[in-house]
Amino acid sequence: MRALPRRAPRLVRVQGTRYRTAWQALGQGPLKVLCSAWPWRSFAYLATGAAFGAVTTLVLVLMLAAGLVSLIAVVGAVPLLGVALSGIAVTRCERWRLRLVDRDPVPDPHRAAEHAGPRAWLRTRPREPATWRELGFTAVSAAALWWMDLLVLAFALALPVLVIMPPADDPGAWPLVPVGLCLLAAAPYTITAWAGARAAVTRLMPTTACAPPSPCAGPAPTCRSWC
């Protein structure tokens with residue numbers, strides 16, 4: 001007898017499914033988004049991003065200036081090396097902050113050093129392409145991303161408040177109050193949307209995967225993970 005074809009299983013939406021990212025959470029109903037923790041987590045993500053980016057930019061500029069000034073005395077090579085390797089620490093903090101708006105862990109692209117100690121670490125990291133890609137991401141973050149975090153927060157929160165609070169001696173400004181209230185009501189969506197896009201940029205940061213072990217090279221070092 002000929003076997004009957006199997007029916008394809010139906011896709012059932014499970015109630016109470018946890019959204020993994022802030023971007024996915026925007027697919028809920030408006031009230032569900034407002035009643036969830038995603039707007040608050042997104043606000044924390046952007047606020048810490050602006051603060052961390054400002055501090056990082058200041059430190060890197062000071063280190064770069066100190067390295068260039070003292071380069072004649074060879075001592076400047078130390079801060080310049082610190083600037084070159086700063087992307088490792090910066091992106092590590094970025095992956096840690098990413099947990100606020102993205103529940104999926106991001107693996108660390110770096111290999112473990114072949115030997116213990118700082119000298120082995122310094123010999124290994126500059127040879128990895130991931131180190132220089134992370135430095136590029138740090139430059140983009142210092143030049144643009146944290147500024148955009150600050151601008152989004154200012155547009156979503158500060159601008160509506162300024163519009164809602166017109167001067168008492170200017171009656172012509174009162175019609176703008178409903179506009180400010182509408183902007184303030186949309187603030188959770190604006191903040192969550194940019195936080196989701198910002199997290200996607202961080203997640204798509206170029207990384208390298210572990211290469212397969214070579215039969216002649218012995219066991220390869222394992223990749224470390226953030227999960």
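Modeller: Let's start with a word you'll need: a residue counts as buried when its relative accessible area is under 20%, and as exposed when that area is over 50%. Keep in mind that the structure above is a predicted model.

Colleague: Okay, what share of the residues of the protein chain count as buried?

Modeller: The protein chain has 227 residues, and 32% of them count as buried. You can look at the outside too: the accessible surface is about 14600 Å², and carbon and sulfur atoms account for 73% of that.

Colleague: How many helices and strands does the protein chain have?

Modeller: There are nine helices and zero strands. Walk along the sequence and the pattern reads α-α-α-α-α-α-α-α-α.

Colleague: Among contacts between residues at least 6 apart in sequence, what share join residues at least 24 apart?

Modeller: That share is 72% in this chain. Alanine 25 gives you a pair to look up: its C-alpha atom and that of alanine 193 are separated by 9.3 Å, with their positions 168 residues apart along the chain. Alanine 25 sits in helix α1. Beyond residues up to four places away in sequence, alanine 25 touches Tyr19, Val33 and Trp38.

Colleague: Is alanine 25 buried or exposed, and why?

Modeller: Alanine 25 has a relative accessibility of 1%, so it counts as buried. For the opposite case, go to valine 78 in helix α4, which covers residues 77-84. Valine 78 reaches 60% relative accessibility and therefore counts as exposed. Its C-alpha lies 9.7 Å from that of alanine 66, 12 residues away in sequence.

Colleague: Next, the core. Which residues have the most contacts inside the largest nonpolar core?

Modeller: Those are Tyr45, Leu46 and Val101, in a core of 17 residues. The elements giving two or more residues to this core are α1 (22-25), α3 (38-69), α7 (129-164) and α9. Helix α9 supplies the largest share, five residues.

Colleague: Which residues is tyrosine 45 in contact with, leaving aside its neighbours within four places in sequence?

Modeller: Tyrosine 45 is in contact with Glu94, Arg97, Leu98, Leu100, Val101, Ala195, Arg198, Ala199 and Thr202. Tyrosine 45 also takes part in the packing of two helices. Two packed helices are described by the angle between their axes and the distance between the axes.

Colleague: What are the angle and the distance between the axes for α3 and helix α5?

Modeller: Helix α5 covers residues 86-97, and it packs with α3 at an angle of about 170 degrees, the axes being 11 Å apart. Angles over 145 degrees count as roughly antiparallel, so α3 is roughly antiparallel to α5. On the α3 side, the contact is made by Tyr45, Thr48, Gly49, Phe52, Thr56 and Leu60. On the α5 side, Ser86, Val90, Cys93, Glu94 and Arg97 make the contact. Sort these residues by class and you get five nonpolar, four polar and two charged.

Colleague: Back to α9. Is threonine 192 buried or exposed?

Modeller: Threonine 192, in helix α9, is buried, because its relative accessible area is 0%. Skip the neighbours within four places in sequence, and its contacts are Ala22, Leu26, Trp38, Pro39 and Ser42. Threonine 202 belongs to helix α9 as well, and it is buried at 3%. Its contacts, with the same neighbours skipped, are Tyr45, Glu94, Leu98 and Phe137.

Colleague: Which residues is threonine 190 in contact with, on that way of counting?

Modeller: Its contacts are Val152 and Ala156. Threonine 190 is in helix α9, residues 187-203, and its relative accessible area is 29%, so it is partly exposed. From its C-alpha to that of leucine 157 is 9.9 Å, with 33 residues separating them in sequence.

Colleague: And what is the relative accessible area of arginine 203?

Modeller: For arginine 203 the value is 30%, which means partly exposed. Arginine 203 has its place in helix α9. Leaving out neighbours within four places in sequence, arginine 203 is in contact with Leu98, Asp102, Asp104, Pro105 and Val106. Finally, the C-alpha atoms of arginine 203 and glutamate 94 lie 9.4 Å apart, although the two are 109 residues apart in sequence.

Definitions and conventions: Residues are numbered from 1 along each chain as its sequence is written. This is a predicted model: local features need pLDDT of at least 70, side-chain atom pairs count only at pLDDT 80 or more; totals for chains, interfaces and linings use all residues. Side-chain values use heavy atoms; hydrogens and water are left out. Helices (H or I, at least four residues) and strands (E, at least two) are DSSP runs, numbered from the N terminus. Buried means under 20% relative accessible area, exposed over 50%, partly exposed in between (1.4 Å probe, protein chains only). Contact means heavy atoms within 4.5 Å. A nonpolar core is a set of buried Ala, Val, Leu, Ile, Met, Phe, Trp, Tyr and Cys residues joined through side-chain atoms within 4.5 Å. Axes are lines fitted to C-alpha atoms, for helices over the stretch in contact, and angles run from 0 to 180 degrees between N-to-C directions. Angles under 35 degrees count as roughly parallel, over 145 as roughly antiparallel, 65 to 115 as roughly perpendicular and the rest as oblique. Ala, Val, Leu, Ile, Met, Phe, Trp, Tyr, Cys and Pro count as nonpolar, Asp, Glu, Lys and Arg as charged, and the others, Gly among them, as polar. Accessible areas come from the Shrake-Rupley method with a 1.4 Å probe; for residues, only the protein chains shown count as cover.
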